[in-house]
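Work through the exercises below with the structure open beside the text. Try each task before reading its solution.

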Amino acid sequence: MEMTVRTTFPTSVSAAAKSAAARDYAQRGWTVAETTNGLCLITDADLSAVEVTGELAASVRRYLRANNLTGPVIEIPGAERREIHLVTGMRKAERAVEALRAAGAVVHTDGDGIPLPPTHLSAGSASWGVDPEEARWIPPVVAIGAAVRSVRARRPQRLASVACA
């Protein structure tokens, strides 16, 4: 039996998948914009996002899971691990936001667009690492800030070489 292999991939999400996802997100009260390739969450002070990459992303996810703080997480395909954690509580978290940015996290708020699954991106499709149905809540941004702070504090400190003369 000959097996055919698809050599081209669609550049946009099917209308039915986009429509179903948009309805689900709207029922959650999220502001969503349609794009050619899928859907974007429009962030605001009520629903924002924190993006972390690489080993920090993996460590933050483990910390949140271990402390029962996990909320919805969007995984972005690519060479390096990228995760976007949906968060609330931006109005009263200026210090947490500053600390997250200083730690290398990207904070998306004030109208920034976040690709929502099943949005097609250049390296693949955005997907739920933790689906909103699985998450018990959308955590406050300070919870993600605590996770980043804790993870960074646990990293082994590299000592400078001290040579005796």
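The exercises go from the whole chain to its sheets and then to its helices; the model is a predicted one.

**Exercise 1. The whole chain**

State how many helices and strands the protein chain has, and in what order the elements run.

Solution.
- Step 1. Count the elements: the protein chain has four helices and 10 strands.
- Step 2. Read them from the N terminus on: α-β-β-β-α-β-β-α-β-β-β-β-β-α.
- Step 3. Add the surface: about 10000 Å² of the protein chain is accessible, and carbon and sulfur atoms account for 51% of that.
- Step 4. Add the burial: 41% of the 165 residues count as buried, where buried means under 20% relative accessible area.
- Step 5. Look at the contacts between residues at least 6 apart in sequence: 75% of them join residues at least 24 apart.

**Exercise 2. The sheet of three strands**

Find the strand order of the three-stranded sheet and name its edge strands.

Solution.
- Step 1. The order is β1-β2-β7, the sheet is open, and the pairing is antiparallel.
- Step 2. β1 (32–35) and β7 (113–116) are the edge strands, as each pairs on one side only.
- Step 3. On average, neighbouring strands of this sheet are turned by 35° against each other, direction ignored.
- Step 4. Take the pair β1 and β2 (residues 38–42): four bridges hold the antiparallel pairing, and Glu34 stands opposite Leu39 in β2.
- Step 5. These two strands form a hairpin, with two residues between them.
- Step 6. Now place a helix on the sheet: α1 (residues 15–27) lies across β1, β2 and β7, and runs at about 20° to β2.

**Exercise 3. The sheet of five strands**

Trace the five-stranded sheet and explain why one side of each edge strand has no neighbour in the sheet.

Solution.
- Step 1. The sheet is open, with the order β6-β3-β5-β4-β10 and antiparallel pairing.
- Step 2. At the edges stand β6 (106–108) and β10; each has a single partner strand, so one side of each is left without a neighbour in the sheet.
- Step 3. From one strand to the next, the twist averages 30°.
- Step 4. Strand β3 (residues 48–53) is joined to β5 by six bridges; in β5, Val87 is the bridge partner of Ser48.
- Step 5. Strand β4 (residues 73–76) is joined to β5 (residues 82–87) by four bridges, with Val73 opposite His85 in β5.
- Step 6. β4 and β5 make a hairpin with five residues between them, and Gly78 in the turn has a positive phi of about 160°.
- Step 7. On to β10 (residues 127–130): three bridges pair this strand with β4, and Ile74 stands opposite Trp128 in β10.

**Exercise 4. Two helices that cross**

Describe how α2 and α4 are placed against each other.

Solution.
- Step 1. The axes of α2 (residues 54–66) and α4 (residues 141–154) come within 9 Å and cross at roughly 115°.
- Step 2. Angles of 65 to 115 degrees count as roughly perpendicular, which makes α2 roughly perpendicular to α4.
- Step 3. The crossing in which α2 passes α4 is right-handed.
- Step 4. Check the residues that meet: α2 contributes Leu56, Ser59, Val60, Tyr63 and Leu64, and those met in α4 include Ala143, Ile144, Ala147 and Val151.
- Step 5. Relate α2 to the five-stranded sheet: α2 lies across β3, β4, β5 and β10, at about 120° to β3.

Terms used: Residues are numbered from 1 along each chain as its sequence is written. This is a predicted model: local features need pLDDT of at least 70, side-chain atom pairs count only at pLDDT 80 or more; totals for chains, interfaces and linings use all residues. Side-chain values use heavy atoms; hydrogens and water are left out. Two strands pair if DSSP finds at least two bridges between them. Axes are lines fitted to C-alpha atoms, for helices over the stretch in contact, and angles run from 0 to 180 degrees between N-to-C directions. Contact means heavy atoms within 4.5 Å. Buried means under 20% relative accessible area, exposed over 50%, partly exposed in between (1.4 Å probe, protein chains only). Accessible areas come from the Shrake-Rupley method with a 1.4 Å probe; for residues, only the protein chains shown count as cover. Angles under 35 degrees count as roughly parallel, over 145 as roughly antiparallel, 65 to 115 as roughly perpendicular and the rest as oblique. A crossing is left-handed if the near helix is turned anticlockwise from the far one by less than a right angle, and right-handed if clockwise.
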